[in-house]
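Q: Please take a close look at the place where the ligand sits in this model. I would like one connected account of the site and of the empty space elsewhere.

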Amino acid sequence: MRTATVTLHPDFRIGDIDNRLFGSFIEHLGRAVYGGIYEPGHATADANGFRNDVADMVRELDMPIVRYPGGNFVSGYNWEDGVGPKESRPKRLDLAWKTLETNEFGTNEFVDWCRKVGTEPMMAVNLGTRGIDEARELVEYCNHPSGTALSDLRVRHGYADPHAIKVWCLGNEMDGGWQMGHKTAEEYGRIAVECAKMMKWVDSSIELVACGSSSRGMRTFPEWEATVLNHTYDHVEYISLHTYYGNRDDNTPNFLAKSLNMDAFIKEVIATCDYIKARRRSKKTMMLSFDEWNVWYHSNAADRKVPDWIPAPPKLEDIYNFEDALLVGAMLITMLKHANRVKMACMAQLVNVIAPIMTATSGGAYRQTIFYPYLHASLYGRGVALNLNVQSPSYDDREFDQVPYLESVATWDQAAETVTLFAVNRDLESALELSADTRAFDGYGVEEHLTMTHDDLKARNTFDQPENVVPRKVAPPRVEGGRLSVTLPKTSWNVVRLRKS
Ligand code: AHR
């Protein structure tokens, strides 16, 4: 059996983990909203039409923030269409996804849903087909107490208290040719800074996210970031990153290594932010919002057959398998390893659309394989992230040099006196013996070892078999003489939770 070593030490601090690292995303896309979180008439629906079966699963995730309403959708969205009496809301063509948008669900319904499930809204404004005026008006509608035309309109719509939406995205993927109102970096940088100024003049307490590149593979990366930040540096708090991976050529060792691409992307964006910081002689450090990340490829072929202009068609409905959950786990570890700079992140998305939760319209709901690493990271990945000084054997890959079999990070919740070790064993053939030096955490013992593994890398959960791929508790390993030895099964996701006794 191969062996890897790690060292758990409170001084090996990467940084404080912002809880918003475990956010998610709801776009007006496919069945994310309609038939997902919202389905009046569903057996579990509440008086607002929110599905309680879905809300219960969302609450389980203890998700701190949810991005809305897009995504590509937002770049053609008129927020005014989605507020006020439902019967007078217009139906529109959504050119982003070629669907019919009924606008039955809008900003106020979204805020109500966030309150119901115990999360915060993260609102994106349309910088594609619209601009500064509509953006500052939306901030006024949502956040201004009352006494102005737009804040009073909100009050008349039934919301006496301001929504107090803290985090706002300045458009979505504006570097991409597929985006409505796509812009050059110069064009976007200019509109973003003017928009940022005016949104903050309406409400100085908000935080803003400027659009970074839609992926590391964009031809304009990282010049895009440098140009955009040169305009916006003093006016925004975050720059966004998006990435999706797939196993299209069925090469699992390569697929499981894709988190190394994410790692490189984060490092390159940090380097670009810091270059602009130096160029501007600024004291401010730009933070990162990884506000779209996931596996996305299973549904690509099916989506090409979906007819245009129907409301809430089944689109981007990836059914995730076990190996997807492993990569999702490795991506969560990667972001925790950059907890000092990646302060927000949104798994894209939450329900039905490339999502951890799947529903049947008028039917049940189940948890996909990727639900579990996301759940564990959100529940136990709080506090401070610790660098483990991982020493792991590695394998060669055509895309990446030296892929470590072990991907791992730890988190330390000082107040609760708990330490959690997250680990993925990428080895397809054999278990990995993990030897951890725990001397600096004297008195800590293992409370629980959760592991998720399956003989079939392509195994999935379905409506008929919702618990085919789930984590299981295994006998907790013991800490002896300041050393913890844990066996990580081949191709597995592991959570080892220690607590001071
Ligand atoms: O999450 C699906 C889509 O992926 C989003 O709408 C877009 O921002 C990205 O390209």
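How far does a polar side-chain atom of Tyr244 lie from an oxygen atom of the ligand?

A: The model is a predicted one. In it, the distance between a polar side-chain atom of Tyr244 and an oxygen atom of the ligand is 2.8 Å. Glu292 makes a contact of this kind too: an N or O atom of the Glu292 side chain is 2.7 Å from a ligand oxygen. For the side chain of Asn172, the distance from an N or O atom to an oxygen atom of the ligand is 3.0 Å. The ligand by itself would expose 290 Å², and the protein buries 95% of that area.

Around the ligand there are 13 residues, and those that come nearest are Glu27, Asn72, Glu173, Tyr244 and Glu292. Sorted by class, this shell holds six nonpolar, four polar and three charged residues.

The ligand takes up the space of the largest pocket, whose volume is about 450 Å³. The lining of this pocket is made by 22 residues; Glu173, Ser214, Ser215, Tyr244 and Trp296 lie nearest the centre. Glu173 and Tyr244 thus appear both among the residues nearest the ligand and among those nearest the pocket centre. Strand E10, residues 238–245, gives the largest share of the lining, with four residues. In the lining as a whole, eight residues are nonpolar, 10 are polar and four are charged.

Away from the ligand site, the second largest pocket has a volume of about 170 Å³. Its lining includes Arg31, Tyr34, Tyr38, Glu39, Leu100, Glu104 and Pro311, and divides into six nonpolar, three polar and three charged residues.

There is also enclosed space. Across the whole structure, three cavities of 30 Å³ or more are found. The largest cavity holds about 100 Å³. It is lined by 14 residues, with Trp79, Ala124, Val125, Asn126 and Leu138 nearest its centre. Strand E7 (120–125) and helix H3 (132–143) each contribute at least two residues to that lining, which consists of 10 nonpolar, two polar and two charged residues.

The second largest cavity contains about 60 Å³ of space. Among the residues lining this cavity are His28, Tyr34, Leu100, Glu101 and Ala312. Tyr34, Leu100 and Ala312 also line the second largest pocket. By class, the cavity lining has five nonpolar, three polar and one charged residues.

Notes. Residues numbered from 1 in each chain as written. Predicted model: local features only at pLDDT ≥ 70, side-chain atom pairs only at ≥ 80, totals over all residues. Heavy atoms only, no water. Near = heavy atom within 4 Å. Polar contact = N/O pair within 3.5 Å; in protein donor to acceptor, adjacent residues only side chain to side chain. Areas by Shrake-Rupley, 256 points an atom, 1.4 Å probe, with all protein chains shown as cover. 1 Å grid on protein atoms, 1.4 Å probe; cavity = no way out; pocket = protein on both sides within 12 Å on 5 of 7 lines; lining within 4 Å. Sits in = over half its atoms within 2 Å of the grid points. Nonpolar A, V, L, I, M, F, W, Y, C, P; charged D, E, K, R; others polar. Points joined across faces, edges and corners; volume = space filled by probe spheres on them.
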